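Morning, everyone. I have one structure to show today, and I'll keep it brief. Please take a look at it first.

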Amino acid sequence: MSAAGWSLKSLPDMSEQQFLLWQQLLETRTGIFVTEQRKSYLQSSLMQRMRELEYDDYQVFYDHIVNSPMGKIEWLKLVDRLTVQETRFFRDPAAFKYVAQYIKDRQAKFDKKNPLDIWSVGCSSGEEVYSLAMLSQEVLKPFNKTKFCMVTGTDISVPVLNKARQGIYSQRRIDLLSEHYKENYFSTLDAGQSEIVAGIKYNTCFAQVNILQLDEVAKSLRDIIYCQNVLIYFRRWRRQEILNHLVERLSPGGLLLIGMGEMVDWHHPELESVKGHQVTAFIKRAGHKNH
Ligand SMILES: C[S@@+](CC[C@H](N)C(=O)[O-])C[C@H]1O[C@@H](n2cnc3c(N)ncnc32)[C@H](O)[C@@H]1O
């Protein structure tokens, strides 16, 4: 059958048994728990990739992913399709406002030897990382400290990280930003696209990290850990485990910021929760060193 024929062919619905297999595979490898209600999302994402590869049986495709040597390579692409990557610049204005205040209050601490160190966990295509980098520039500019800042973005998906590194966005995505940000931090390219300027890219870096494997990540201490709209896809016990790892990588006095409602009624002995700023954020108590 021609490639066009394949792309039009509709695949049968997944059986309950196949759904359970895929659900378990995704959760074991990424932590993402697909509920029964989101079965159609899983199915259509898989279907899309199976069509491209001319598979018409979920079980055969599953065996390929799990048992064949090429399955490991295919998984890197598939995971990009199975994760939700929705993001945008300054997605949560209250959170960014709080981050700006936090940096301003502590700017005296940041210098060449101790640059402001921010980590965006589950950064998708980079908008969150660049928002944090632009915001830091704005706050640190009056203190001549714009160079003393580094934002690291990590994600499980290699394709989104490549996009993030490029830092090229459609006009539609940057239209949401103020004129000041557009003028100062983007250069216009052809075809309705704009690119993050080199000065901001210089303050950022990207790496693949699966948050299920945080124990493999060096325990360097960050000033700010920003983790929004990622934990929401995980079961509560896993969210708790991940947050514990993040706390170990937060400097004393450091800020951990998660999405509103992503971890209700969670307490950690080393953290104090931030009240009254419409954010779900925590400050690590000073005096707490890493174990
Ligand atoms: C909805 S996006 C959130 C992007 C950004 N943080 C925001 O709030 O706009 C979720 C991101 O988490 C990533 N992700 C999902 N599971 C992950 C895992 N196990 N390890 C690292 N990143 C993961 C996805 O690839 C996706 O890019």
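A word of caution up front: this is a predicted model.

Let's begin with the ligand's polar contacts. One runs to a side chain: an oxygen atom of the ligand is 3.5 Å from an N or O atom of T83. Next, the backbone. A polar backbone atom of T30 lies 2.7 Å from a nitrogen atom of the ligand. For I211, a polar backbone atom is 2.9 Å from a ligand nitrogen. How much of the ligand's accessible area does the protein cover? On its own, the ligand has 600 Å² of accessible area, and the protein covers 99% of that.

Now the surroundings. There are 20 residues around the ligand. Which come nearest? Those are T30, T87, G122, D155 and N229. So T30 appears twice in this talk: in that nearest group, and in the backbone contact at 2.7 Å.

What is the make-up of the shell? Its residues divide into 9 polar, 7 nonpolar and 4 charged. As for the site itself, the ligand takes up the space of the largest pocket.

Last, the chain as a whole. The domain assignment gives two entries: domain 1 covers 3-82, and domain 2 covers 93-284. Their centres, taken over C-alpha atoms, are 31 Å apart. Each domain brings residues to the contact: 11 from domain 1 and 11 from domain 2.

Back to the ligand for one closing point. Protein covers 99% of its accessible area, and its place is the largest pocket. That's it from me.

How values were computed. Residues numbered from 1 in each chain as written. Predicted model: local features only at pLDDT ≥ 70, side-chain atom pairs only at ≥ 80, totals over all residues. Heavy atoms only, no water. Near = heavy atom within 4 Å. Polar contact = N/O pair within 3.5 Å; in protein donor to acceptor, adjacent residues only side chain to side chain. Areas by Shrake-Rupley, 256 points an atom, 1.4 Å probe, with all protein chains shown as cover. 1 Å grid on protein atoms, 1.4 Å probe; cavity = no way out; pocket = protein on both sides within 12 Å on 5 of 7 lines; lining within 4 Å. Sits in = over half its atoms within 2 Å of the grid points. Nonpolar A, V, L, I, M, F, W, Y, C, P; charged D, E, K, R; others polar. Domains from an automatic or database assignment. Contact = heavy atoms within 4.5 Å.
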